[in-house]
Amino acid sequence: EVPSQLMKQATGVRYNNILLGRAPIKASAGAAMGLLGKPLTILAGSLVKGDTSTLKRSLMVYGGIQENFMRAFKNARLEFQAANSGGTGATVRTDIIHNQLENVETMEEMAEVWSKSNKIGDKGKAAMWNMTKVLSWYNNLPITKLGISAMTAVDGFVRSMSASASARARAYDELYDAGKGAVDLDQFYAKQNELYDLAFDKNGKLTDEAARYASQEMNLQLDNKAIAGLEDAMKHYPVLRTIFMFPKTGINALQLAGTFAPTGAFGQSIGKARKVFKAITPQEIEEVLVEHGMKGQGIEAFNALKSEYIGRQIMGGSVVMGATLMAANGNLTGSGPADDAEKRRMISMGWQPFSVKMENGEWRSYQGLEPFDSFLGLAADMTYNLNRVDQAASEDWMRSLAASISHNITQKSFLSGLEP
């Protein structure tokens with residue numbers, strides 16, 4: 001028991017140090033992309049379908065920006081204070097190591113016995129327990145937990161914004177049905193305020209299923225069998241944490257990126273998108289809604305969901321096209337050449353990987369802009385390899401392609417242990 005507690009606290013030190021850096025900034029950038037992308041994809045999808053009803057609904061659902069932001073900042077502040085003051089906030093990411101000691105009273109009694117023993121082994125156990133307590137004290141310092149607390153605040157902001165959108169959607173649908181297509185704005189604002197208050201329990205935990213699903217998708221925290229299996233394996237084989245630091249975040253990032261991949265009909269025939277586009281009967285539609293946390297919300301919610309998946313394909317294609325043009329003009333970089341020595345020489349000369357050139361001439365990293373950072377990197381690498389004049393078009397093409405995919409995936413922190 002003592003070594004496991006010691007290793008838990010030692011691992012906690014590692015996680016706290018990593019998250020104390022730029023991780024909260026990247027999480028904020030990813031959250032901003034998700035919050036901005038959701039209404040844009042629904043609007044784009046409804047325009048392509050010519051669905052004016054969904055378009056009008058979306059404008060109402062994602063309106064009220066000032067009110068929604070005020071709610072979200074308040075919730076983020078409360079989450080931060082709870083996390084940084086010794087609590088864990090309303091909801092904490094499950095793939096972040098928690099630093100609370102277990103069975104403290106029992107361990108203290110055992111340590112007292114060990115310290116009085118004349119056996120070297122017992123003395124060592126007492127020393128390890130004292131070291132564990134020191135690491136636990138360090139891990140729970142407010143400054144040490146600042147990174148985790150900041151990420152908890154970002155998640156809280158997204159949860160509040162998702163709750164606002166869900167409350168406005170349900171209020172609109174209810175009044176739209178009752179008024180046979182006419183929605184009274186005063187009733188709408190009163191109803192959405194009521195539904196927002198009901199979205200959280202007395203402890204501040206989000207209970208609205210639709211809002212919870214949407215926020216977990218944007219925060220890259222959805223649960224599935226693959227994640228559960230990997231997390232279970234990591235409990236039995238802790239060494240896996242050196243490879244998969246944040247398994248839930250990593251798998252969710254790859255799955256979310258897949259829904260934006262500009263693969264046309266193929267992209268619509270796999271994963272959750274397949275069920276959405278295949279659903280025709282009321283039973284199939286309800287199954288799709290349940291899977292997305294929208295049980296019983298009706299055809300309006302389904303049409304909006306379908307528009308969102310169409311919009312994701314459009315947005316993904318637009319990002320890839322724009323990234324290709326920027327890379328061709330020398331304003332976007334990816335992972336660079338497959339040859340590591342050549343890449344190091346380029347970096348020593350000032351070249352920056354995974355970066356975009358700003359208007360003032362400075363290069364800024366785009367890493368963390370989920371789900372588009374992988375698309376940007378791949379588009380930049382493809383353009384780079386196609387424009388190289390020192391090799392034939394077919395020479396080492398497959399090797400360069402494989403290296404590009406590998407670098408663009410493993411450069412993320414949750415798979416950094418697999419980086420070639």
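The following dialogue considers how several descriptions of this predicted model are justified.

Visitor: Why is threonine 333 called buried?

Guide: Threonine 333 has a relative accessibility of 9%, and buried means under 20%, so threonine 333 counts as buried. This residue is found in the loop between helix H14 (298-328) and helix H15 (340-348).

Visitor: What makes the approach of the threonine 333 side chain to the backbone oxygen of glutamine 352 a polar contact?

Guide: The side chain of threonine 333 reaches that backbone oxygen at 2.6 Å. A polar contact requires a pair of N or O atoms within 3.5 Å, and the value of 2.6 Å therefore satisfies the distance limit.

Visitor: Which residues does threonine 333 touch, not counting residues up to four places away in sequence?

Guide: Threonine 333 touches Trp351, Gln352, Pro353, Phe354, Ser355, Trp363, Tyr366 and Ala380. Contact here means heavy atoms within 4.5 Å.

Visitor: What makes helix H9 mostly covered?

Guide: Helix H9 spans residues 209-218, and seven of its ten residues are buried. These are Ala210, Ala211, Tyr213, Ala214, Ser215, Glu217 and Met218. Across the chain of 420 residues, buried residues make up 44%.

Visitor: What is found at the start of H9, and what follows this helix?

Guide: At the start, a side-chain oxygen of aspartate 208 reaches to within 3.0 Å of the backbone nitrogen of alanine 210. H9 is followed by leucine 220, whose phi is positive, near 60 degrees.

Visitor: Why is helix H3 called oblique to helix H7?

Guide: H3 (residues 52-61) and H7 (residues 146-178) pack at an angle of about 130 degrees, and their axes lie 9 Å apart. Angles over 145 degrees count as roughly antiparallel and those from 65 to 115 as roughly perpendicular; the angle of about 130 degrees belongs to neither range, nor is it under 35 degrees, the limit for roughly parallel, and H3 is therefore oblique to H7. The crossing of the two helices is right-handed.

Visitor: Which residues of H3 and H7 meet?

Guide: From H3, Ser53, Lys56, Arg57, Met60 and Val61 take part; they meet Ala165, Arg168, Ala169, Tyr172, Asp173 and Tyr176 in H7.

Visitor: What share of the contacts in the chain with a separation of 6 or more comes from residues 24 or more positions apart?

Guide: Such residues account for 72% of those contacts. The secondary structure of the chain comes to 17 helices and two strands. The chain exposes about 21,700 Å², of which carbon and sulfur atoms supply 61%.

Technical notes: Residues are numbered from 1 along each chain as its sequence is written. This is a predicted model: local features need pLDDT of at least 70, side-chain atom pairs count only at pLDDT 80 or more; totals for chains, interfaces and linings use all residues. Side-chain values use heavy atoms; hydrogens and water are left out. Helices (H or I, at least four residues) and strands (E, at least two) are DSSP runs, numbered from the N terminus. Buried means under 20% relative accessible area, exposed over 50%, partly exposed in between (1.4 Å probe, protein chains only). A polar contact is a pair of N or O atoms within 3.5 Å; within protein, one must be able to donate a hydrogen and the other to accept it, and residues adjacent in sequence count only if both atoms are side-chain atoms. Accessible areas come from the Shrake-Rupley method with a 1.4 Å probe; for residues, only the protein chains shown count as cover. Axes are lines fitted to C-alpha atoms, for helices over the stretch in contact, and angles run from 0 to 180 degrees between N-to-C directions. A crossing is left-handed if the near helix is turned anticlockwise from the far one by less than a right angle, and right-handed if clockwise.
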